[in-house]
Amino acid sequence: QAGEAVPPAQRSSWTSFLKSIASVSGDLSSMTCPPFILSPVSLTEFPAYWCEHPELFAAIADQNTEEQRTLAVVKWFISTLKGQYTSRNESMGSEKKPLNPVLGELFYGKWPDINGRGETQLLVEQVSHHPPITAYAIENKSKGVKLVGHNAQKTSFSGGSIIVKQLGHATLTVKLQSGDVAEYLITLPRLRIDGLWYGAPYIELSESSSIISKSYVCSIDYKGKGYFSGKTHSFKATLNPAPGLGGTLGSHVIEGTWHTTSKFTSGPKTGMEFHNVTGPKEEVTAIGGQTSGEMGEFETRELWKLVAKGIREGDFDMASREKSKIENDQRQRRKDEMAIGTKWPLKHFDHVDADPTYERLGKLGKISPATEDTYLFKENWPPIA
Ligand code: CLR
């Protein structure tokens, strides 16, 4: 039945929300939703999903060959998907609408050094509001592993589902003992948000994404539960040596479900387990970016404190009052900037129209578009880490 999972008092507003998303496509972030579907977490916290297995991120540095390193990168990547795409269902019962970050919103965090894996730092900045774009950097300095990326979404509505095309990409770099730097270009899968009719949205991944370095092209295909066969959250990763490198490097195929386990199904390791995320994950520890160690007014958990409290405690009047205050303040700031002809300065990133790493590696994997803009990290970590 329609709206089965929706509190009865919110059913009609849920139905009108569904009708409106069918007509407004492009950007869902600023649409008004009934309270039951609101999450108290801002999208600036999402990049932390990239490192909920800090030991796998660190392990990328500990490999001896390019083949092993590539497998370690793919294993870390696949192991992040469960958190990225199913964790709200686990923590809140369904996918929810995150808080829409304001321009300049910041989130800092870290994962501690345990068992010699080194400390990993996280920095996130909302670099655009219309459209919403989030940039992030994650670095384990002692291991020399760093991920820098940005993402935005383009949404449309099809067959009762929301289709989310992820825009943006990430680059993972690893400092090698030889002094060289290995680079991996990471693109992102497409999402389908199903279960809307019932008021219990969840994500399925579709189509494909890539991980490309100068030695390997890894293409990952995603499939959900089909009408005839197939399991939810299935994937198949195919790793092939980059053009011209065949013969020296091996090919591998890995299959499984990204929220549980997978194994090698072709290549020298056939039959061996690849990834396993049935165990615990490590959530990020949020830290303040001020010299004092405190959180500034634009840091996510400080900025949204009262809105989040309202949503968590069911005080939606307070939530919407506090949200309006933030939005009005933003409008005023933009007006003032217009009046004096200035622009909000980004703190940690510089926008560039083309990303040479994307162009160079993207060509090896024949990905489209051939070029993309990007946000270069200024390497200015906050004083407290
Ligand atoms: C953000 C980048 C992360 C992966 C990720 C996971 C969930 C996505 C989110 C991204 C973007 C915003 C998103 C969300 C799921 C629902 C939400 C698409 C891609 C939309 C804006 C809210 C839709 C509202 C319904 C749930 C009613 O690495």
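So, quick definition to start: two strands count as paired if DSSP finds at least two bridges between them. Helices (H or I, at least four residues) and strands (E, at least two) are DSSP runs, numbered from the N terminus.

Housekeeping next. Residues are numbered from 1 along each chain as its sequence is written. This is a predicted model, where local features need pLDDT of at least 70, side-chain atom pairs count only at pLDDT 80 or more, and totals for chains, interfaces and linings use all residues, with side-chain values taken on heavy atoms, leaving out hydrogens and water.

Okay, the strands. E7, residues 161–167, pairs antiparallel with E10, residues 190–194, over 3 bridges. In that pairing, Ile162 stands opposite Ile193 in E10. E10 is also joined to E11, residues 202–212, by 5 bridges, again antiparallel. There, Asp194 faces Tyr202 in E11.

On to the ligand. Which residues come nearest? Of the 19 residues around the ligand (a heavy atom within 4 Å of it), they are Gln84, Arg88, Asn151, Gln153 and Gln166. For Gln84, a side-chain N or O atom sits 2.6 Å from a ligand oxygen; a polar contact is a pair of N or O atoms within 3.5 Å. The protein covers 96% of the 600 Å² of accessible area the ligand has on its own (Shrake-Rupley, 1.4 Å probe).

Who builds that shell? H1 (11–23), H3 (66–92), E6 (145–158), E7 and E10 each supply at least two residues. H3 gives the most, with 3 residues. By type, the shell splits into 13 nonpolar, 4 polar and 2 charged residues. For that count, Ala, Val, Leu, Ile, Met, Phe, Trp, Tyr, Cys and Pro are nonpolar, Asp, Glu, Lys and Arg are charged, and the others, Gly among them, are polar.

Last, some backbone oddities. Most residues other than glycine have a negative phi, and most peptide bonds are trans. Here, though, the His130 to Pro131 bond is cis, omega near 0 degrees, and Pro131 is in the loop between E4 (120–128) and E5 (133–140). A cis bond also joins Ser368 and Pro369, with omega about 0 degrees; Pro369 is in the loop between H7 (356–364) and E19 (374–377). And Asn115, not a glycine, has a positive phi, near 55 degrees, in the loop between E3 (106–111) and E4.

That's my tour, thanks.

Terms used: Polar contact = N/O pair within 3.5 Å; in protein donor to acceptor, adjacent residues only side chain to side chain.
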